[in-house]
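Here are a few notes to read alongside the structure. Have a look at it first, then work through the points below.

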Number of protein chains: 2
Amino acid sequence: MIIAVIGLGLIGGSMALDLRQRGFAQTIVGVDNNPIHTLKALELGIVDVVLPLNRAVAHADLVIVAIPVQQIIAILPDILSLIPPHAIVLDLGSAKEAIVESIREHPLRKRFVAAHPMAGTEYSGPEAALSGLFDQKVAIICNEHESAPDAVQIVEQLFATLNMPLRRMEANEHDMHVAYISHISHISSFVLATAVLEKEKSVNTIFDLASGGFASTVRLAKSSPQMWRPIFEQNSHYVLEVLDTYLSHLQHWRQLIADQQFDTIEKMMTRANEIKRVLDR
Amino acid sequence: MIIAVIGLGLIGGSMALDLRQRGFAQTIVGVDNNPIHTLKALELGIVDVVLPLNRAVAHADLVIVAIPVQQIIAILPDILSLIPPHAIVLDLGSAKEAIVESIREHPLRKRFVAAHPMAGTEYSGPEAALSGLFDQKVAIICNEHESAPDAVQIVEQLFATLNMPLRRMEANEHDMHVAYISHISHISSFVLATAVLEKEKSVNTIFDLASGGFASTVRLAKSSPQMWRPIFEQNSHYVLEVLDTYLSHLQHWRQLIADQQFDTIEKMMTRANEIKRVLDR
């Protein structure tokens, strides 16, 4: 199979590595706006050749779109118009409703499959690409009923090759869940890092006093602003909902501390401990 | 040296293990209110013998107090009254001002050294004790001028044995810094876990959709409520201050998202990325 990978960063690069190593792809054609990324991807053996978008797409059996959400929305209609009739377009964006909306009326809508692999690290670019990144992580396919069955079948085979268990849901349902489970974690980290950096002028002091707990909670603040901006933008409805929930819980805590209600605080921490059921599986 | 360790949990247990293995302690006498902890500590070779507090302290050269802050405040005056004249009492509590206050007028104040080793994990109890837990982490000595020079010297040797670089500061300064760098991280994790558990009734959904980022930001929500309640209680002044700072930054973000000011959000994320200077050292 000839696969065109649009976006040679952490996600596109990691997927290209494993799809070739595991025999799913015979040829991988890379596309990236950033010439340094394309050179690096060639050097690291992530892609066989780099081509402009229109040429890369014209001969592909499968096009994987692994770029920030905003850019997916901007070029997805063009990609669908450029592919051969049998080809399939798969996107990996983190906010699905706006993407699915952007091509709802496209005559080739059925050749498109919307998906989201729940994997990543806080690093970006082709140097961050990792073989095995997706193993045992869940992949979500959204609005499956809007895609052609043969297109979904190829995508299922792709995720099976990556050892990813599959879940299926509607795009809006997906967006709500990821706001609660992923997006708010990133906001919480970005804001925590900002608050600490503002107060503690000395990086030395932070370094000295930061035990492992600090590093863990602010790790996501290292994430790429270019990747996250469009996610927050495209999923702002649910991001605002979860931010309000988070804010109201925090304000409740603040009030309990101000009122010296530490019995209640202790009970709330005990309830929060239930997260062990998720983390210690 | 005969060392009495009061509190055979993660911190007391880990310290006992390394102080013996590295030849600093010849005999370790353990004290713990929880009979299961004392049995486990004997079984794991953390302590040589378990005794009631008054008997353990009466023959010790050094008493290490590694229990929750509230309990330190409750028994520290008694411990100081029970030790032999040459002995030293060292506490390891996470909020120092209230502890230092509690024995400010004690006739044996100078035999006491207030310290805080910046190390830990989200686990607790003697089974959680780890050799090497303190290596290369910073230890803070507070209000050194209120302790006898020979007492400080022994404590310096103890932290050198644990391979801990030393910092010195006043108790209130310590409490402010740890509120910003450690306590708020815990609150943010506890609250994030609570918000997600409340919204996502199905642990399976959380598990499926949680990538590494979620696990990292909520890991601290597994921490012991019995340990953290007294820290928040004793350091409530600075905890409220940092919570208010964090809340106002979060509200600012919320407003920027509501107003679709994503250029500003992107700039703020770029500033937050500076935390790399701390995390990637």
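**Where the two chains meet**

1. Let's start with one pair of residues: Asp244(B) and Arg254(A) make a salt bridge, with the closest N and O atoms 2.5 Å apart. Bear in mind that this is a predicted model. Between chain B and chain A the count of salt bridges is 12, and there are 31 residue pairs in polar contact, both partners at pLDDT 80 or more.

2. Which elements of chain B do the touching? Those giving two or more residues to the side facing chain A are strand 8 (166-169) and helices 7 (171-199), 8 (203-209), 9 (212-218), 10 (225-234), 11 (236-258), 12 (262-272) and 13 (276-279). Helix 7 of chain B gives the most, with 19 residues. Sorted by class, this side of chain B has 48 nonpolar, 21 polar and 20 charged residues.

3. How much area is buried between chain B and chain A? About 8,700 Å², and carbon and sulfur atoms give 69% of that. On the chain B side, Ile181(B), Leu209(B) and Arg229(B) lose the most area to chain A, together 8% of what that side buries. In terms of contacts, 89 residues of chain B meet 89 residues of chain A.

4. Now for the symmetry. Chain B lands on chain A after a rotation of 180° with 0.0 Å of shift along the axis, at an RMSD of 0.0 Å, so the two copies are related as by a two-fold rotation axis. In chain B, the C-alpha nearest that axis belongs to Thr217(B), 2.2 Å from it. Both copies use the same surface: 100% of the contact residues of chain B recur in chain A.

Note on methods: Residues are numbered from 1 along each chain as its sequence is written. Chains are lettered from A and ligands numbered from 1 in the order in which they are written. This is a predicted model: local features need pLDDT of at least 70, side-chain atom pairs count only at pLDDT 80 or more; totals for chains, interfaces and linings use all residues. Side-chain values use heavy atoms; hydrogens and water are left out. Copies are superposed by least squares on the C-alpha atoms of residues with pLDDT of at least 70 in both. Contact means heavy atoms within 4.5 Å. Buried area is the accessible area (1.4 Å probe) that two parts lose on being put together, summed over both. A salt bridge is a side-chain nitrogen of Lys or Arg within 4 Å of a carboxyl oxygen of Asp or Glu. A polar contact is a pair of N or O atoms within 3.5 Å; within protein, one must be able to donate a hydrogen and the other to accept it, and residues adjacent in sequence count only if both atoms are side-chain atoms. Helices (H or I, at least four residues) and strands (E, at least two) are DSSP runs, numbered from the N terminus. Ala, Val, Leu, Ile, Met, Phe, Trp, Tyr, Cys and Pro count as nonpolar, Asp, Glu, Lys and Arg as charged, and the others, Gly among them, as polar.
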